[in-house]
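Please look through the chain shown here and follow how its parts are put together. The notes after it begin with one pairing and then move outward to the rest of the model.

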Amino acid sequence: MRKFFWTVASAAVFVAVPAFAQDASTDTGAVETADGTRAFGIEPYVGIIGGYERFDDEVTHSGIPVPAGQNYKGGLIEGVAGVNVPLGPVFAGVEGSVAKGFTGDIDWEYGAAGRFGVRAGDTGLFYGKVGYRWVNFDALGPNSGDYGEMVYGVGTEFAPAGKKMNDVRVRLEVDTYGDAHSFRPMAGLIAQF
């Protein structure tokens, strides 16, 4: 699973070579990109994404108990809120998230991550993220506790053709828990304001 995750992550980085947005000045003196979004400033956003997570059957640093042959897995719906700080053609940001499992072994997940990446063309972002996430499993009973560990991921956001960056965007993302102990593809909508 680790080789598969890093192969997918590497392919996303090398295949998605972004074109940087050109800067243009407005009458107010603020610097904007070609799509009309600010090149510098603060861009808060909220979103809802969904997907699936599957943990492998190896013991993690967080101590998730793994009975022989057990792979915890399940569908998730997640709310995210964060802020991006555009710095010309690149950006940095922070994001918090809360996810609820709607099928399978996962009850709740919650955490925070830092994001960093590049703005691509008129309406896209490519980013990497590093953070910390806690997981609670239905499969371990009501008093099982939360298991926390570092998370790593890559993703992209893009607006449909003809839309500006500050409209609703589509997010596609994949991340992993700990040392590639899970595979978590997610997709959804992000609204920036």
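In this predicted model, F55 has S182 as its bridge partner, and S182 belongs to strand 10. That partnership is part of the pairing between strand 3 and strand 10 (residues 182–192), which is antiparallel and extends over 9 bridges. Strand 3, which covers residues 43–55, is also joined to strand 4 (residues 73–87) by 12 bridges, and these two strands run antiparallel as well. Within strand 4, G79 is the bridge partner of I48.

**The overall plan**

- The protein contains 1 helix and 10 strands, and reading from the N terminus the order of the elements is α-β-β-β-β-β-β-β-β-β-β.
- Of its 193 residues, 44% count as buried.
- The protein exposes about 9200 Å², and carbon and sulfur atoms supply 65% of that area.
- If one considers the contacts between residues at least 6 apart in sequence, 59% of them join residues that are at least 24 apart.

**Further strand pairings**

- Strand 5 (residues 90–104) and strand 6 are antiparallel and are joined by 11 bridges, and the two form a hairpin with 1 residue between them.
- In this pairing, V98 has Y110 of strand 6 as its bridge partner.
- Strand 6 also pairs with strand 7 in the antiparallel sense, over 14 bridges, and E109 stands opposite V135, which is in strand 7.

**The largest nonpolar core**

- In soluble globular proteins, nonpolar side chains tend to be buried together.
- The largest nonpolar core here has 15 residues, and those that touch the most other members are F55, I64, I106, V135, F137 and Y177.
- Two or more residues of this core come from each of strand 3, strand 4, strand 7, strand 8 and strand 10, with strand 3 giving the largest share, 3 residues.
- Which residues is F137 in contact with, leaving aside its neighbours within four places in sequence? They are F55, I64, Y72, D105, I106, D107, S144 and Y147.

**The nonpolar surface patch**

- A nonpolar patch on the surface is formed by V98, W108, Y110, F116, V130, Y132, W134 and M150, which together have about 690 Å² of accessible area.
- Strand 6 (106–120) and strand 7 each supply at least two residues of this patch.
- W134, one of the patch residues, is placed in strand 7, and it counts as partly exposed because its relative accessibility is 32%, a value between the limits of 20% and 50%.

**Salt bridges**

- Side chains of opposite charge can pair when their charged atoms come close.
- The count of salt bridges in the model comes to 17.
- One of them links E95 with K129, where the closest N and O atoms are 4.0 Å apart; because E95 lies in strand 5 and K129 in strand 7, this pair ties together parts that are 34 residues apart in sequence.
- Both partners of that bridge, E95 and K129, are buried.
- D175 forms a salt bridge with R133, and the closest N and O atoms in this pair are 3.4 Å apart; since D175 lies in strand 9 (residues 168–177) and R133 in strand 7, the parts tied together are 42 residues apart in sequence.
- D175 and R133 are likewise buried.
- K100 forms a salt bridge with D107, with the closest N and O atoms 2.5 Å apart.
- Is each partner of this last bridge buried or partly exposed? K100 is partly exposed, because its relative accessible area is 30%, whereas D107, with a relative accessible area of 15%, is buried.

**A residue in a loop**

- Where along the chain is P142 found? P142 is in the loop between strand 7 (124–137) and strand 8 (147–158).
- P142 counts as exposed, because its relative accessibility is 81% and the limit for being exposed is over 50%.
- Although P142 and D107 are 35 residues apart along the chain, their C-alpha atoms are separated by 9.5 Å.
- D107 thus links several of these topics, as it is a contact of F137, a salt-bridge partner of K100 and a buried residue.

Note on methods. Residues numbered from 1 in each chain as written. Predicted model: local features only at pLDDT ≥ 70, side-chain atom pairs only at ≥ 80, totals over all residues. Heavy atoms only, no water. Helix = DSSP H or I, 4+ residues; strand = E, 2+ residues; numbered from the N terminus. Buried < 20%, exposed > 50% of the residue type's maximum accessible area, 1.4 Å probe, protein only. Pairing = 2+ DSSP bridges. Patch = residues over 30% accessible without salt bridge, like charges linked within 9 Å, V, L, I, M, F, W, Y side chains within 5 Å. Areas by Shrake-Rupley, 256 points an atom, 1.4 Å probe, with all protein chains shown as cover. Salt bridge = Lys/Arg side-chain N within 4 Å of Asp/Glu carboxyl O. Contact = heavy atoms within 4.5 Å. Core = buried A, V, L, I, M, F, W, Y, C linked by side-chain atoms within 4.5 Å.
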